[in-house]
Amino acid sequence: MPASTTDTTGVPPVPVIGASGDLGLGLALRWAAAGVPVVIGSRDAGRAREAAERVSAAVPGAEVAGMANADAAAAGPVVALCVPFAAQLPTLASLSESLVSDALLVDCSVPLATAVGGRPTHSLGVWHGSAAQQAQQAVPDGVSVVGAFHTVSAATLADLEHPLAEDVLLCGQRKADKARVAALVERIPGLRAVNAGSLETARIVEQLTPLLISVNSRYRTH
């Protein structure tokens with residue numbers, strides 16, 4: 001992958017919670033390749049360190065570390081949560097002391113039916129309306145949530161030789177929050193941030209994930 005020409009001087013580390021999974025690892029790889037410092041979080045600190053080693057092997061010179069989730073989440077002001085929907089609330093509960101006021105959580109969760117043993121082409125109803133809205137209810141006061149990365153293929157992200165040309169839909173209550181996330185999104189060459197509206201819009205955007213999984217499966221593509 002060509003080296004990024006984007007100036008990342010002074011960019012704080014981006015904690016990626018769940019980067020031992022496909023989406024989280026893909027984002028960690030892309031940000032690391034763009035020169036953004038990354039802190040990988042996992043329930044098991046050993047698995048986090050293993051994932052960090054994979055990133056370092058793929059991106060020589062990357063500034064990357066692996067830690068237990070709570071320590072990772074405290075390492076930067078914008079935290080990407082990339083865990084399966086079933087793990088969203090337990091993970092957020094474990095981060096309650098790490099997510100301080102004014103922190104920003106980028107929630108990538110999708111309420112796929114796999115959470116209850118169903119198919120990834122089906123989705124679940126969420127009492128709060130969407131996974132992102134559920135996350136907003138679960139985080140400490142003063143922490144904002146932006147939903148993002150629901151339509152980006154994890155497999156494509158993880159393949160650093162694959163050029164990207166995709167839009168990332170951002171759902172959140174405040175323009176300033178979405179602007180901060182947009183800046184991180186666009187550190188990754190080929191990704192374009194799109195303001196998709198309020199957090200309520202996440203209930204629509206999240207449904208695109210099972211739709212795309214269905215289409216990709218049918219046409220054997222990403």
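The following conversation between a trainee and a mentor discusses a predicted model.

Trainee: Where should we start? How many aromatic pairs does the structure hold?

Mentor: The structure holds one aromatic pair. Tryptophan 31 and phenylalanine 149 form this pair, and its geometry is edge-to-face. The ring centres are 6.0 Å apart, with 90° between the planes.

Trainee: Which parts of the chain does the pair link?

Mentor: The pair links distant parts of the chain. Tryptophan 31 lies in helix H1, which covers residues 22–33. Phenylalanine 149 lies in the loop between S6 and helix H6 (154–158). The two residues are 118 residues apart.

Trainee: Is tryptophan 31 buried or exposed, and why?

Mentor: Tryptophan 31 counts as buried because its relative accessibility is 2%, and the cut-off for buried is under 20%.

Trainee: And phenylalanine 149, buried or exposed?

Mentor: Phenylalanine 149 is buried, with a relative accessible area of 2%.

Trainee: Changing topic: how many cavities of 30 Å³ or more are there?

Mentor: The count comes to one cavity of 30 Å³ or more. The largest cavity holds about 50 Å³ of space.

Trainee: Which residues line the largest cavity?

Mentor: Both members of the aromatic pair, Trp31 and Phe149, are in the lining. The other lining residues are Val14, Val78, Val79, Ala80, Val106, Val181, Leu184 and Val185. Strand S4 (78–81) and helix H7 (175–185) each supply at least two residues of this lining.

Trainee: What is the lining like by class?

Mentor: The lining has 10 nonpolar residues, no polar residues and no charged residues.

Trainee: Now for helix H5. Which of its residues are buried?

Mentor: Helix H5 covers residues 131–138, and Ala131, Ala132, Gln133, Gln134 and Ala135 are buried there.

Trainee: What do those buried residues of H5 pack against?

Mentor: The buried residues of H5 pack against two helices, H4 (85–94) and H8 (202–205), and against two strands, S5 (104–107) and S6 (144–147).

Trainee: One last residue: where is the place of isoleucine 213?

Mentor: Isoleucine 213 is in helix H9, which covers residues 208–219.

Trainee: Why does isoleucine 213 count as partly exposed?

Mentor: Isoleucine 213 has a relative accessible area of 28%, so it is partly exposed. That class lies between the cut-offs of 20% and 50%.

Trainee: Which residues is isoleucine 213 in contact with?

Mentor: Leaving aside neighbours within four places in sequence, isoleucine 213 is in contact with Leu112, Pro120 and Thr121. Isoleucine 213 and threonine 121 are 92 residues apart in sequence, yet 6.0 Å apart in space, C-alpha to C-alpha.

Note on methods: Residues numbered from 1 in each chain as written. Predicted model: local features only at pLDDT ≥ 70, side-chain atom pairs only at ≥ 80, totals over all residues. Heavy atoms only, no water. Buried < 20%, exposed > 50% of the residue type's maximum accessible area, 1.4 Å probe, protein only. Helix = DSSP H or I, 4+ residues; strand = E, 2+ residues; numbered from the N terminus. Contact = heavy atoms within 4.5 Å. Phe/Tyr/Trp six-rings, centres within 6.5 Å; stacked < 30°, edge-to-face > 60°. 1 Å grid on protein atoms, 1.4 Å probe; cavity = no way out; pocket = protein on both sides within 12 Å on 5 of 7 lines; lining within 4 Å. Points joined across faces, edges and corners; volume = space filled by probe spheres on them. Nonpolar A, V, L, I, M, F, W, Y, C, P; charged D, E, K, R; others polar.
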